[in-house]
Structure formats: C-alpha cells, structure tokens
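Please open the model in your viewer and keep the selection tool at hand. The stops below say what to select next and what is to be found there.

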Amino acid sequence: MILTNLTRQKLIDDLLTLNEKAFRSTQLFEWVYKQQVFDWEKMTNISKTTLEVLKNQYQLPHLKVETIQQSSDGTKKYLFELTDGNFIEAVLMHYNYGESVCISTQVGCNMGCAFCASGLNKKKRNLEVWEMVMQVVQIDHALKEEGKRLSHVVIMGIGEPFDNYDNVIDFIQIINDGKGLGIGARHITVSTCGIVPKIKCFSDLPLQVNLAISLHFANDTLRSQYMPINRSYPLSELLPTLEQYYQKTNRRITFEYILIADINDSASQARDLLQLVKPFNSYVNLIPMNETGGVFKRSSRERMNHFFNVLAENGINVTLRREQGHDIDAACGQLRIKREEKNDRNHHQSD
Ligand code: SAH
C-alpha cells in the first residue's frame, strides 16, 4: 500500500488492522510531510520491530523529475514522469504573498475546452492521491533546501479536478493536515470548469478551501460553443448552484475569465460579465490568453485594460493576472505535449 495515498484517518484505520496504535499515524505524518524523511531507518522514534511491520505494509514512492524549466521571472515548471511512463506538470510561482504551486490532477483532460492546450490530449487516467501529494511534497522539499517554504497550492494544472473528485478531496485533506504539511485551507484553491453535481458535494466539505470557476463566457451560446461542459451544465444550472454554495459556505468565489481577441473581450461582453458576477461576493481574475499555436489569439493590451476598467469602475474585485513563465511554455499542457511529441517521434523513427 502507498502511504501517501492515505488521509490520516484512512491511515489510522489501516494501522488498526495491523494491531498498531493510532498515534503511529501522527508519527508517520510528521516524518513524511514535516521532516520529509522517506528512509525508514531514519525514523528514530519508532522501534525496530514496529518499523519492520510498517516497512512491509507501506511504500513511499517518489515521482521522477524529468526536467525543470526555469523562467527569467523565477517561475519553475516541473515535468514529472509517472511509473507507467506518462508525464504530468506542476508549476511553481513566486508571489509577494509567498510560493505557490499549481498541480495537475489527471493525465490529459476530457473537458475539451477549445482554447486549452491540456485538452489536446484526451484523459488517459486520473492521478492517484499520492501522485498529487508528491508534486507538492517534492517541490516543497526543493524550496526548503533554499530556505523557503511552500505557502499556497492551486489545483489548476492539467485535468479537471472535479472529474477526479474523491482523490482530489483526499489530497486536499492530506496537504491541509496540521500534523503534516499544514497548508491552510484558505491557501488552497480548486478550479473547475463547472461540474455542477460536484460543486454541490464540495459545498458540504467542512474546509475553507477556495473555489474558482473557469467561466470565460457570460452567455450560454458562446460558452457552449467553446466549453462542451456547458452543454451538460448550462449557466442556468451553474449560477444557482454557485449561489447555494455561497449561502452554505460563505466562501468567496473566484471567476476566471481568459481574454481571447475578438471572441469574448468586447465592452458589451464586459458588461454581461458584470451583470453575471454582481450578485456574488466574488473575485474576477482576468487572464491574458496563453497562445498555444491554435486560432485563438490574446487580446490587445488596450482591450484588456478597457475590459478591466468596466468591472473595476463598477466596484467588482478584479485583477488582471500577472503573466508568468512565458518563456517556458507555462501554459498548462504545453511542456507535456512537447515531451510526448518527442516520444512519438522516437517511436516513429524506430518503427
Ligand atoms: N479543469 C480545471 C482546471 C485546469 S485549467 C478548470 O477548467 O478550471 C486551469 C485554468 O487555465 C482554467 O481557468 C482554464 O480555463 C485556463 N486555461 C486553459 N487554456 C488556457 C490558455 N490557453 N490561456 C490561459 N488560460 C487557459
């Protein structure tokens, strides 16, 4: 069994089946997540005989770091190779409020958003809990060696987190656990394209984790055209669900809106967005489109500023996201696609 797949409660349940005491879960969480010691022999407060039992029961695998690309602005992109040969990405970003990592939840993605590089490769599989946990642990460990620590986690990399819901929730519980990494719930953000039934489940989660919605279009016609999820869960279902979510949790919602030239960036579309977000106590995060080689282009600086002003002048909490990692293919999925193309090329060459 892989230890880092288990929330502390699941670990306790498993330890009890081994006739071990529940407090071992605390010891193990402290060693693995706080001290980041993965060598059983170094877990000095556990007796040799108990260590034998634990060693036989649990594995502590690492992800293989394939490459790390560093941008001139300090953003680092990690490409990890999984044990089955698939690749995933995580991006470490430096902000004035701390170090933030953006992690992946699936190999590929099935949501099919037209403008997104991640969706170019269909979902191969969900990530296991440990594969998400170790993106965070390994990057936190590298930061500690530089005397820094990870403070924020955003679940916005490759994949749709709510299409891998149970694993993502266990992952959140593990990184939030005070006996381990102790990343504050308010410092964790999960982003979804709008899987309504899972947003309902998420509103019952007793943690103050932030929810971000990839909105991008303020009307159904365009949203359905570019984001297939909207054909299943149109705005007429998504928005009332978000209102209920807000009433239940009192947690502020973030709306993400990519600015795509001549598609969703006009002044009248800014006013439509304004009407849509007004009833919510929300943040709007405007994102300059990362051009990934397709037909979609980034809005001009002028149009982005104008769009921003329509919202800001009407009292909406709005930010225009600072661009990071432009020189390192930081748009989700780009690095992984390149690496897989390399595999394909090698594959074809040897055919
Ligand atoms: N599936 C989840 C999380 C992964 S996508 C979701 O949809 O929220 C992470 C964010 O990047 C989403 O807001 C997504 O819409 C956005 N994104 C996708 N393609 C992009 C691009 N080319 N440029 C900028 N942001 C993009």
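Begin by selecting strand E9, residues 210-214, in this predicted model; the strand is mostly covered, with 4 of its 5 residues buried. Add strand E8, residues 188-192, to the selection, and you will see that E8 and E9 run parallel and are joined by 4 bridges. To follow one of these pairings at the level of residues, pick Ser 191, whose bridge partner in E9 is Ala 212.

Now widen the selection to the whole sheet, which is open, contains 10 strands and has mixed pairing. Colouring the strands in the order E1-E2-E3-E4-E7-E8-E9-E10-E11-E12 lets you walk across the sheet from one side to the other. Strand E1 and strand E12 (317-320) stand at the edges, and because each has a single partner strand, one side of each is left without a neighbour in the sheet. As you step from one strand to the next, the twist averages 20 degrees.

Stay at the edge formed by E1, and select residues 64-70 for E1 together with residues 76-81 for strand E2. These two strands pair in the antiparallel sense over 6 bridges, and Gln 69 has Lys 77 as its bridge partner in E2. The hairpin that they form has 5 residues between the strands, and within this hairpin Gly 74 takes a positive phi near 95 degrees.

The next selection is helix H4, residues 129-145. How far apart are the end C-alpha atoms of H4? They are 25 Å apart, which agrees with the 24 Å that its 17 residues should span at 1.5 Å a residue. Of these 17 residues 13 are buried, so H4 is largely enclosed by the rest of the structure. Just after the helix, Gly 147 can be picked out by its positive phi of about 80 degrees.

From H4, move to Asp 170, which is found in helix H5 (residues 165-176). Is Asp 170 buried or exposed? Its relative accessibility is 11%, and since buried means under 20%, Asp 170 counts as buried. When residues up to four places away in sequence are not counted, Asp 170 touches Thr 7, Lys 10 and Val 129. If you draw a C-alpha to C-alpha distance from Asp 170 to Ala 22, it comes to 19 Å, for a separation of 148 residues in sequence.

Select next helix H10 (residues 267-277) and helix H11 (residues 301-312), whose axes come within 9 Å and cross at roughly 35 degrees. The crossing in which H10 passes H11 is right-handed. To display the contact, show Ala 267, Gln 269, Ala 270, Arg 271, Leu 273 and Leu 274 on H10, with His 306, Phe 307, Val 310 and Leu 311 on H11. By character, the residues of this contact divide into 7 nonpolar, 2 polar and 1 charged.

Two loop residues are worth selecting as a pair. Gln 36, in the loop between helix H2 (23-35) and helix H3 (48-57), has a positive phi of about 55 degrees although it is not a glycine. Asn 250, in the loop between helix H9 (235-249) and strand E10 (253-259), is likewise not a glycine and has a positive phi of about 65 degrees. Their surroundings can be read from accessibility: Gln 36 counts as buried at 8% relative accessibility, whereas Asn 250 is exposed, with a relative accessible area of 58%.

Finish at Arg 321, in the loop between E12 and helix H12 (334-349). With a relative accessible area of 30%, Arg 321 is partly exposed. Which residues is Arg 321 in contact with, leaving aside its neighbours within four places in sequence? They are Met 156, Glu 256, Asn 285, Leu 286, Ile 287 and Pro 288. As a last distance to draw, take Arg 321 to Ser 47: the two are 274 residues apart in sequence, and their C-alpha atoms lie 51 Å apart in space.

Note on methods: Residues are numbered from 1 along each chain as its sequence is written. This is a predicted model: local features need pLDDT of at least 70, side-chain atom pairs count only at pLDDT 80 or more; totals for chains, interfaces and linings use all residues. Side-chain values use heavy atoms; hydrogens and water are left out. Two strands pair if DSSP finds at least two bridges between them. Axes are lines fitted to C-alpha atoms, for helices over the stretch in contact, and angles run from 0 to 180 degrees between N-to-C directions. The expected span of a helix is 1.5 Å times one less than its number of residues. Buried means under 20% relative accessible area, exposed over 50%, partly exposed in between (1.4 Å probe, protein chains only). A crossing is left-handed if the near helix is turned anticlockwise from the far one by less than a right angle, and right-handed if clockwise. Contact means heavy atoms within 4.5 Å. Ala, Val, Leu, Ile, Met, Phe, Trp, Tyr, Cys and Pro count as nonpolar, Asp, Glu, Lys and Arg as charged, and the others, Gly among them, as polar.
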